[in-house]
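I opened this entry to keep a record of what I looked up, point by point, with the sequence and the structure side by side.

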Amino acid sequence: MAVKPGVDFEEPLGLLIGPFFWAFMANVCYTSGWVLDTTVYEGCPPSRKLFTAGLIFSLAFTALPGLWAFTAWIMTLITGQKMD
């Protein structure tokens, strides 16, 4: 069993605050992207490579919790011990 009986899998307060923090940080990153693009690349069209790098970063960052949970589940199945 990955979680011992009587222990919360996730902190309830984290479930309430987490989505709002995630949305706030997503908006900060979104806003800083166009600000950086317009201040650094004056007079040049936006870089397609910069856009692609930002898109890949945002997709990977959003997928990290799911990838971590999947890795923990696989390691639990293989070793029989839960990951800390």
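Which residue follows H2, and is its phi positive or negative? I found Gly80 just after H2, and its phi is positive, near 80°. I note at the outset that this is a predicted model, and I read every value below as computed from it.

**Entry 1: the two helices.** I looked up H2, which covers residues 48-79, and counted 32 residues in it. From its first C-alpha to its last, H2 reaches 44 Å, which is close to the 46 Å expected at 1.5 Å a residue. H2 has a kink of about 45° at Leu64, and I see that this lies shortly before the proline Pro65. I then turned to H1, residues 12-40, where 29 residues reach 42 Å from the first C-alpha to the last, close to the 42 Å expected. H1 bends by about 35° at Gly18, and here too I noted a proline, Pro19, which follows within four residues.

**Entry 2: the largest pocket.** I looked up the volume of the largest pocket and wrote down about 780 Å³. Its lining is made of 21 residues, and those that lie nearest its centre are Cys29, Tyr30, Gly33, Gly54 and Ser58. Which helix gives the largest share of this lining? I found that H1 does, with eleven residues, while H1 and H2 each supply at least two. Sorted by character, the lining of the largest pocket divides into 14 nonpolar residues, six polar and one charged.

**Entry 3: aromatic pairs.** Taking rings as paired if their centres lie within 6.5 Å, I recorded a count of three aromatic pairs. One of them joins Phe57 and Phe61, a stacked pair at 5.8 Å centre to centre with 15° between the planes. Both residues lie in helix H2, four residues apart, which is about one turn of the helix. Are Phe57 and Phe61 buried or exposed? Phe57 counts as exposed because its relative accessible area is 53%, over the 50% cut-off, whereas Phe61, at 41%, is partly exposed. Another pair is formed by Phe70 and Trp73, and I noted this one as tilted, with 5.9 Å centre to centre and 45° between the planes. Phe70 and Trp73 also lie in H2, three residues apart, again about one turn of the helix. I also looked for a grouping of rings, and found that Trp22, Phe57 and Phe61 form one aromatic cluster.

**Entry 4: two residues checked singly.** I looked up Lys82 and placed it in the segment after H2. Lys82 has a relative accessible area of 40%, so I list it as partly exposed. How far apart are Lys82 and Ala72 in space? From C-alpha to C-alpha I read 7.2 Å, although the two are ten residues apart in sequence.

I then took Leu50, which lies in helix H2 and is partly exposed, its relative accessible area being 34%. The C-alpha atoms of Leu50 and Gly33 are separated by 9.3 Å, and along the chain these residues are 17 residues apart. I wrote Gly33 down a second time here, since Gly33 is among the residues that lie nearest the centre of the largest pocket.

How values were computed: Residues are numbered from 1 along each chain as its sequence is written. This is a predicted model: local features need pLDDT of at least 70, side-chain atom pairs count only at pLDDT 80 or more; totals for chains, interfaces and linings use all residues. Side-chain values use heavy atoms; hydrogens and water are left out. The expected span of a helix is 1.5 Å times one less than its number of residues. The bend at a residue is the angle between axes fitted to the seven residues ending there and the seven starting there. On a 1 Å grid over the protein atoms alone, a cavity is a set of points where a 1.4 Å probe fits but cannot get out, and a pocket is an open set with protein on both sides within 12 Å along at least five of seven lines; lining residues have an atom within 4 Å of a point. Grid points are joined across faces, edges and corners, and a volume is the space filled by probe spheres set on the points. Ala, Val, Leu, Ile, Met, Phe, Trp, Tyr, Cys and Pro count as nonpolar, Asp, Glu, Lys and Arg as charged, and the others, Gly among them, as polar. Rings of Phe, Tyr and Trp (its six-membered ring) pair if their centres lie within 6.5 Å; planes under 30 degrees apart count as stacked, over 60 as edge-to-face and the rest as tilted. Buried means under 20% relative accessible area, exposed over 50%, partly exposed in between (1.4 Å probe, protein chains only).
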